[in-house]
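Subject: A structure for you to explore

Hi there,

Here is the structure I promised to pass on to you. Have a look at it first, and then read on for what turned up.

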Amino acid sequence: MARVLITTVPFGDKNDLPIRQLEANGIEYLINPLGRKLKEDELAGMVSDVEVLIAGTEPITAKVMANAPRLKLISRVGIGLDSVDLMAAEQRGIKVSYTPDAPAPAVAELTIGLMFSLMRSIHVANARMHQGEWQRFFGRRLADLTIGIVGAGRIGGRVLQQLAALGAGRLLVNDINPTACGLDGIAAVEQVDKDVIYQASDIVSLHVPLTAQTKNMVRREHLLSMKPDAMIINTARGGVINEDELADVLASGHLAGAAVDVFCEEPYQGRLASIERCLLTSHMGSMSIDCRTRMEIEATEEAIRYLTGQALEGLVPEGEFQVQREGL
C-alpha cells in the first residue's frame, strides 16, 4: 500500500471527499498528528517511508527531502511555493504540483473585507465595544479613495475587478508582467511604478509571491513615503512586508491602519498584536469552505493520479523553478 502524509491542517473538516477518495483507491494515509503547522525537524521525522506529501505551508527543505528516500511527489494545497525547496526537489527527481486557482476567490474577498474594516474602523469599534466603550468613528468610502495593487495575478486581478465593480475611485496597479494581467476589461486602471503606488494610494494591497526579490519588499522607507492616513494590507505572504518596521511605523503614529493575514512565523506573536489599529487575521485568506475544499480535492486527486500511474495535471511550471534559481 502506498503511503501519503497529509501535513496541511485542517484537512477534510468541512468536506471529507478527499479522505474518501484516498480510501476508495486503497491508499494508506496519515493526517498531521500534531494538528498544527509542522516545523522542519518535526516534518523530517515523519517522512522516512512517505511517497507523497499532500502539503501545506510547512518548510519542505533539502533536509526534509534527504530524510524521505521514497518521496516522489509534493502535492501542495494552495499556491505559495516559498516553503518548498524546488531546486532540491528537482535534484532528487521529486515532482511538485499545486492548486493555484482554487484559493483565489476566497483570498480576494477577504482582502476586500479587510479594506472595508480598515476604512470604517470596524475592528477598532468592535474591540472597544467588547471593552464596554461606546465610540463612533468617522470613516471613508471607496469612491473617494485611490487604491494601489501590487501584483495583479490570480488574486490581485480579482481584487481589482471587484473594486471596479464596487465603484472605487482611482485604481493603480504594478506588476512585473503588465501585459499578462488581463485587466483590459477594467476601465481606469493605471499601470504605475511601485513608488507611485506607495506615495499616491490611500490603500495599498499586496498580492505577490514570496521570493528573493519580494522578501522585505515593503520596508520602513516605503511605509513612510505613504500618506500619513493611508492603509496597507498583506494577504500575500509573510515577509513581503518587514513586520518589525511596520510595527515601528505604526507605533510612531504614521498610517491610519494596516491589515495582515500572513506572517514570517506562524502562529504570530509579535509586536503588531499590541497595536489596536493593526487588524490581524490568522492566515485565513483561503479558508472559505468552497475554496478550501476545492484545494484539498485538487491536491488529493493529483496524489491519486501519481499513485495510480496517471498523468499529473497540476505540475508547477518551469517559471516557478526559474524564480527560485534566480534567487540563489
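Let's begin with Arg220, which is partly exposed, with a relative accessible area of 33%. Please keep in mind throughout that this is a predicted model.

Which residue does Arg220 meet in a salt bridge? The partner is Asp248, and the N to O distance is 3.3 Å. Arg220 belongs to helix H9 (residues 220–225) and Asp248 to helix H10, so this salt bridge ties together parts that are 28 residues apart in sequence. Asp248 is partly exposed as well, with a relative accessible area of 26%.

That pair has company: searching the whole structure gives 22 salt bridges. Another of them joins Asp82 to Arg237, with 2.8 Å between the closest N and O atoms. Here distant parts of the chain are linked, since the two residues are 155 residues apart. Asp82 sits in the loop between strand S4 (73–76) and helix H4 (86–91), while Arg237 sits in the loop between strand S10 (231–234) and helix H10 (243–251). Are these two buried or partly exposed? Asp82 has 35% relative accessibility, so it counts as partly exposed. Arg237 has a relative accessible area of 11%, so it is buried.

Next, try finding Asp202 and Arg140, whose salt bridge has its closest N and O atoms 3.2 Å apart. This pair also links distant parts of the chain, 62 residues apart. Look for Asp202 in the loop between helix H8 (194–200) and strand S9 (203–206), and for Arg140 in the loop between helix H6 (122–130) and strand S6 (146–150). Asp202 is buried, at a relative accessible area of 5%, whereas Arg140, at 27% relative accessibility, counts as partly exposed. Both residues belong to a network of salt bridges that also includes Lys227 and Asp229.

Finally, a pair of helices. How do helix H1 (residues 17–24) and helix H11 (residues 289–307) cross? Their axes come within 9 Å of each other, at an angle of roughly 15°. The cut-off for roughly parallel is under 35 degrees, so H1 and H11 fall into that group. The crossing is right-handed. On the H1 side, the contact is made by Leu17, Pro18, Gln21 and Leu22; on the H11 side, by Glu296, Ile297, Thr300, Glu301 and Ile304. Sorted by class, the contact has five nonpolar, two polar and two charged residues.

Enjoy exploring!

Best wishes

Terms used: Residues are numbered from 1 along each chain as its sequence is written. This is a predicted model: local features need pLDDT of at least 70, side-chain atom pairs count only at pLDDT 80 or more; totals for chains, interfaces and linings use all residues. Side-chain values use heavy atoms; hydrogens and water are left out. A salt bridge is a side-chain nitrogen of Lys or Arg within 4 Å of a carboxyl oxygen of Asp or Glu. Helices (H or I, at least four residues) and strands (E, at least two) are DSSP runs, numbered from the N terminus. Buried means under 20% relative accessible area, exposed over 50%, partly exposed in between (1.4 Å probe, protein chains only). Axes are lines fitted to C-alpha atoms, for helices over the stretch in contact, and angles run from 0 to 180 degrees between N-to-C directions. Angles under 35 degrees count as roughly parallel, over 145 as roughly antiparallel, 65 to 115 as roughly perpendicular and the rest as oblique. A crossing is left-handed if the near helix is turned anticlockwise from the far one by less than a right angle, and right-handed if clockwise. Contact means heavy atoms within 4.5 Å. Ala, Val, Leu, Ile, Met, Phe, Trp, Tyr, Cys and Pro count as nonpolar, Asp, Glu, Lys and Arg as charged, and the others, Gly among them, as polar.
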